[in-house]
Amino acid sequence: MSDEPTPQHGPHGYSGDKAALVSRLRRIEGQIRGLQRMVDEDTYCIDVLTQISAAKSALQAVAVGLLEDHLAHCVVDAARAGDPSAKVKEASDAIARLIKS
């Protein structure tokens, strides 16, 4: 994950806090590994489901944070440049995907 500008995108809104974001994703990765271990160890179904819910909530929190960064950085920059419509559409599409899941 590079925070270098690309022809289509400037530096990402999360660039300033990338270390914290990566840390959260690694914790979620650990949760998923824990779920695999729970299944391997024949853990009670409800306990596995509880941990799945926790992992899903953690991913949703990351997604909301990224969306907030997109709105505060990418959409605002596009508005300053005069045409935020493409970035607003990206955000709307991302929100639609998030509420579907």
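How many residues does helix 3 have, and how far does helix 3 reach from its first C-alpha to its last? Before I answer, let me say that what we have here is a predicted model, and that I will keep to what can be read from its coordinates. Helix 3 has 16 residues, and from first C-alpha to last it spans 22 Å, which is close to the 22 Å expected at 1.5 Å a residue.

Staying with helix 3, we can ask which residues in it are buried. They are Lys-87, Ala-91 and Ala-94. Looking down the axis of helix 3, these buried residues fall within an arc of 60°, and so they line one face of the helix. As for what that face meets, the buried residues of helix 3 pack against helix 2, while the face turned away from the buried side carries Ala-86, Ile-99 and Lys-100, which are exposed.

Lys-87 deserves a second look, since this residue also takes part in a salt bridge, with Glu-90 as its partner and 3.5 Å between the closest N and O atoms. The two residues both lie in helix 3, which covers residues 85-100, and they are three residues apart, or about one turn of the helix. Lys-87 has a relative accessible area of 17%, and because buried means under 20%, it counts as buried. Glu-90, by contrast, is partly exposed, with a relative accessible area of 34%.

Let me turn to the other helices. The count of salt bridges comes to four, and I will describe two more of them here.

In helix 1, which runs over residues 18-40, Glu-29 and Arg-33 lie four residues apart, about one turn of the helix, and they form a salt bridge in which the closest N and O atoms are 2.8 Å apart. Glu-29 is partly exposed at a relative accessible area of 39%, and Arg-33, at 45% relative accessibility, is also partly exposed.

In helix 2, residues 45-81, the pair is Asp-77 and Arg-80, placed three residues apart, again about one turn of the helix. Their salt bridge has its closest N and O atoms 3.5 Å apart. How accessible, then, are the two partners in helix 2? Asp-77 is partly exposed at 34% relative accessibility, whereas Arg-80, at 68%, counts as exposed.

To return to where we began, helix 3 is the element in which these two topics meet: Lys-87 is among its buried residues, and Lys-87 is also the salt-bridge partner of Glu-90.

Conventions: Residues are numbered from 1 along each chain as its sequence is written. This is a predicted model: local features need pLDDT of at least 70, side-chain atom pairs count only at pLDDT 80 or more; totals for chains, interfaces and linings use all residues. Side-chain values use heavy atoms; hydrogens and water are left out. A salt bridge is a side-chain nitrogen of Lys or Arg within 4 Å of a carboxyl oxygen of Asp or Glu. Buried means under 20% relative accessible area, exposed over 50%, partly exposed in between (1.4 Å probe, protein chains only). The expected span of a helix is 1.5 Å times one less than its number of residues. The arc is that of the directions from the helix axis to the C-beta atoms. Contact means heavy atoms within 4.5 Å.
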